[in-house]
Amino acid sequence: MEEEEEAGPPNKDLYALLHISPEASDEEIRKAYRQWAQVYHPDKYQSPHMKDIATENFQRICEAYEILTDENKRKIYDIYGMEGLTSGLELGPKLNRADEIKEELERLRKRKEEEKISAHFRPSGTILANMSLPHFLVGDGIMRGYSFIYVNQNFRMAITSEVQSQISKNNTVGIGGNLAVTGNVGGGAASALFRHQFSSVSSVEFMASAGLRSLIGVQASRHLTSHSTATMGISMSLEDGSLNLSNSWTRQLSETANGNIQLTLGPESSVAVGWQKKEEKRSVAGEVKFSTSSFGASAHYTHRFSVKSHGRIAGRVGSTMLELELGGGRKLSKFSTVRMLYSIGIQGIFWKFELHRGGQKLIIPILISRHLNPVFAAGAFIFPTSAYFLLKKFLVKPYYQRREKQKAFENMQKTSAQVREARAAAEKAQQLLQNVANRKRNRQSEIGGLVITKAIYGNQKELKKRDELMEPNDESSLRIIDVTLPLNFLVNDSGQLKLHEGVKKSGIMGFCDPCPGEPKQLYVEYTYGGKTFEVVVDDYEELLIPRPSQQI
């Protein structure tokens with residue numbers, strides 16, 4: 001299995017170090033630098049040991065200030081992090097205005113991503129294997145040709161595959177093929193395409209295919225505005241010489257929604273209107289299509305229960321279809337997802353299993369029954385669903401728990417030296433913060449203000465067992481760190497504490513990353529106005545305490 005990567009915004013450790021927002025102005029950066037310089041300037045300390053600690057942290061503050069007050073360096077850092085600065089990335093001498101720098105930086109970022117992708121071929125494909133339980137029960141074999149609801153011909157198995165490769169900065173070529181087989185009858189087709197990118201807003205694509213559908217065609221696309229795109233194409237059949245004209249328009253309706261209209265003129269003319277909306281936890285889409293021979297409408301809703309699992313409900317209705325589909329899926333790794341769906345409609349009752357890995361798909365629809373018996377339909381839904389939850393509880397979940405525990409142990413061993421070094425640096429930084437933090441805590445305690453009584457940062461799952469943590473010999477305590485002192489230091493004169501959104505908390509002075517590559521949270525217990533409160537926030541989430549509703 002592939003290693004899961006810790007998700008989050010780009011590197012913002014320098015902002016965390018100065019305790020400022022990623023949108024901070026130059027004046028706010030200078031103000032933060034002066035405040036931290038007063039704490040960490042080596043001349044403030046007489047002890048050689050403390051002077052060495054101060055020197056080390058003062059250099060970190062100076063480096064952050066130097067980068068974030070240089071407009072070019074800051075923009076590079078915001079996209080590439082420290083790697084972009086240490087690799088010698090340059091923006092060019094002819095770029096003077098901020099908008100020119102931003103545009104060039106975006107172009108460089110896209111080129112870097114494209115170069116990374118183009119280093120490998122980009123394959124995509126689908127294997128669709130139809131199966132029939134009734135035919136299997138009568139001894140005719142489980143793989144049997146039948147008419148499937150969204151396919152125009154009878155077949156037993158179909159395979160499609162395509163490989164694209166970027167041969168230069170603006171040119172891409174691709175080859176593909178498909179094969180369909182039913183009993184002793186089958187056929188296939190081969191296709192090729194060439195795409196040329198004229199600019200960042202326009203491109204043209206030439207395509208040709210031979211076999212079941214022999215045709216040639218050309219298609220052009222252009223971004224009309226920053227929110228809309230138009231595509232126009234024409235193709236000619238080499239079998240009967242018929243022409244197909246296609247036009248489509250896509251427009252971004254909001255930050256999370258877009259709509260599209262597609263018009264096709266030819267032997268099978270049609271018009272389709274679609275809409276899609278995708279948010280963090282849910283996505284919904286719908287389409288209505290009219291053609292010269294039929295009409296149809298479809299909609300689906302997907303809800304993400306967690307990072308790894310989701311549920312789905314879909315429906316299709318039209319002149320030749322009526323179907324309801326229910327199911328869900330689970331992410332097995334970074335590139336692999338498995339899904340199981342149950343559908344009932346005029347074509348019968350089906351189970352459908354799907355495996356998605358990268359650009360490859362394996363889809364296995366299984367016909368359960370042609371007859372829409374209510375009892376059988378309910379059983380076909382309830383029994384597999386019950387079996388899934390039983391397997392998940394007693395087999396799958398324990399397996400993943402053992403695997404995650406083993407991965408966490410291996411990661412802890414691999415990063416133990418790095419974590420020990422980071423912990424030592426955090427403890428040194430806290431030593432310099434201690435006197436000021438204690439004075440602030442005592443002052444807030446006297447006036448009934450904000451006092452951080454307990455704060456721990458680290459592995460998300462370990463924080464749920466926080467009452468058992470912090471034992472000296474507890475292995476779990478190695479994946480968290482006590483940050484009560486630095487948070488008391490960060491309480492401002494108004495008795496408030498704010499950690500900015502989008503900034504990784506391990507970069508804050510006195511913090512460190514105790515479990516690299518794992519999801520982290522921050523737990524804070526505090527008193528305010530004589531009352532005790534608790535709050536838990538994610539690694540990149542904003543923390544603002546006391547909350548407005550708690551303020552006196």
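This passage describes how three helices of a predicted model are arranged and what they touch. Local features were considered at pLDDT of at least 70 and side-chain atom pairs at pLDDT 80 or more, whereas totals for chains, interfaces and linings use all residues. Residues are numbered from 1 along each chain as its sequence is written, and side-chain values rest on heavy atoms, with hydrogens and water left out.

Helix 3 (residues 48-68; helices are DSSP runs of H or I with at least four residues, and strands runs of E with at least two, numbered from the N terminus) meets helix 9 (residues 416-446), the two axes coming within 10 Å and crossing at roughly 110°. Axes are lines fitted to C-alpha atoms, for helices over the stretch in contact, with angles running from 0 to 180 degrees between N-to-C directions. Helix 3 and helix 9 are therefore roughly perpendicular to each other, a term for angles of 65 to 115 degrees. In this contact (heavy atoms within 4.5 Å), H49, M50, I53, A54, E56 and N57 of helix 3 face A425, K428, A429, Q431 and L432 of helix 9.

Helix 8 (residues 374-414) comprises 41 residues and spans 56 Å from its first C-alpha to its last, close to the 60 Å expected at 1.5 Å a residue, where the expected span is 1.5 Å times one less than the number of residues. A bend of about 50° occurs in helix 8 at K392, taken as the angle between axes fitted to the seven residues ending there and the seven starting there. The buried residues of helix 8 (under 20% relative accessible area, 1.4 Å probe, protein chains only) include A377, P384, Y400 and N411, and the buried residues of this helix pack against strand 15 (322-331), strand 16 (336-345), strand 17 (348-357) and strand 18 (360-369).

Definitions and conventions
Buried < 20%, exposed > 50% of the residue type's maximum accessible area, 1.4 Å probe, protein only. Parallel < 35°, antiparallel > 145°, perpendicular 65-115°, else oblique.
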